Amino acid sequence: MNRIDDAMVAATMRGYDRNNLFAFVATGTGSDEATRLMEMYRVGTSKHWQGATVFWQISNDGEVRGGKIMLYDRLTGHRVQEPFPHINWVHSVLRLPDYKLTQCFFGEHLLPYIRDKPVSIVESEKTAILATHYLPQYLWRATDIAGSAVVSTERQSKHSEEER
């Protein structure tokens with residue numbers, strides 16, 4: 001399994017004024033709360049497409065497994081689908097040789113730090129971010145089913161057993 005360097009994640013954790021998803025979230029939550037949510041979930045800004053977002057998949061042991069790049073409409077919050085679906089992966093854009101993507105849940109990195117809330121799982125990263133604001137009594141994670149994520153259940157089962 002390969003991992004992405006933490007410095008690459010850190011380099012994306014700015015430029016929110018150019019991030020379409022941030023602009024959409026900020027219209028409903030305010031800029032300070034949108035910043036808190038993006039930082040909490042380690043959501044970055046990509047230069048791949050103007051206004052693009054990077055959803056970093058970071059495991060509960062801190063390994064950066066991958067970064068999914070998506071483009072959203074800043075007014076509606078919908079994914080940009082035309083003239084093609086704007087979805088890509090950091091390792092593909094950077095053409096990292098022999099990189100093998102091993103995905104985990106989006107938001108998994110929060111499990112060791114937020115142990116007093118029930119865990120809820122949704123399909124999309126955007127939903128997990130918004131749900132954290134509107135239903136803060138839960139810890140939200142996303143499966144990325146629409147993006148064909150294959151999540152290792154071994155790690156999830158092990159962590160679930162530790163919580164019991």
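Student: What share of the residues in the chain is buried?

Tutor: In this predicted model, buried residues make up 47% of the 164 residues in the chain. The accessible surface comes to about 8700 Å², and carbon and sulfur atoms account for 52% of that area.

Student: Which secondary-structure elements does the chain have, and in what pattern?

Tutor: The chain has 6 helices and 6 strands. Along the sequence they follow the pattern α-α-α-β-β-β-β-α-β-α-β-α.

Student: How should the side chains of a strand such as β2 be read?

Tutor: In a regular strand, side chains alternate between the two faces of the sheet. In β2, A52, V54, W56 and I58 point one way, while T53, F55 and Q57 point the other way. Strand β2 spans residues 52-58, and 7 of its 7 residues are buried.

Student: In which sense does β2 pair with β1 and with β3, parallel or antiparallel?

Tutor: β1 (residues 43-46) and β2 pair in the antiparallel sense over 4 bridges, with S46 opposite A52. β2 and β3 also pair in the antiparallel sense, over 6 bridges, and Q57 stands opposite G66 in β3. In the hairpin of β1 and β2, 5 residues lie between the strands, and G51 in the turn has a positive phi of about 90 degrees. The hairpin of β2 and β3 has 5 residues between its strands, with G62 in the turn at a positive phi of about 90 degrees.

Student: Why does M70 count as buried?

Tutor: M70 lies in strand β3 (residues 64-70). Buried means under 20% relative accessible area; M70 counts as buried because its relative accessibility is 2%. Residues that M70 touches include A52, T53 and F55, as well as E125.

How values were computed: Residues are numbered from 1 along each chain as its sequence is written. This is a predicted model: local features need pLDDT of at least 70, side-chain atom pairs count only at pLDDT 80 or more; totals for chains, interfaces and linings use all residues. Side-chain values use heavy atoms; hydrogens and water are left out. Helices (H or I, at least four residues) and strands (E, at least two) are DSSP runs, numbered from the N terminus. Buried means under 20% relative accessible area, exposed over 50%, partly exposed in between (1.4 Å probe, protein chains only). Accessible areas come from the Shrake-Rupley method with a 1.4 Å probe; for residues, only the protein chains shown count as cover. Contact means heavy atoms within 4.5 Å. Two strands pair if DSSP finds at least two bridges between them. Lists of a residue's contacts leave out its neighbours within four places in sequence.
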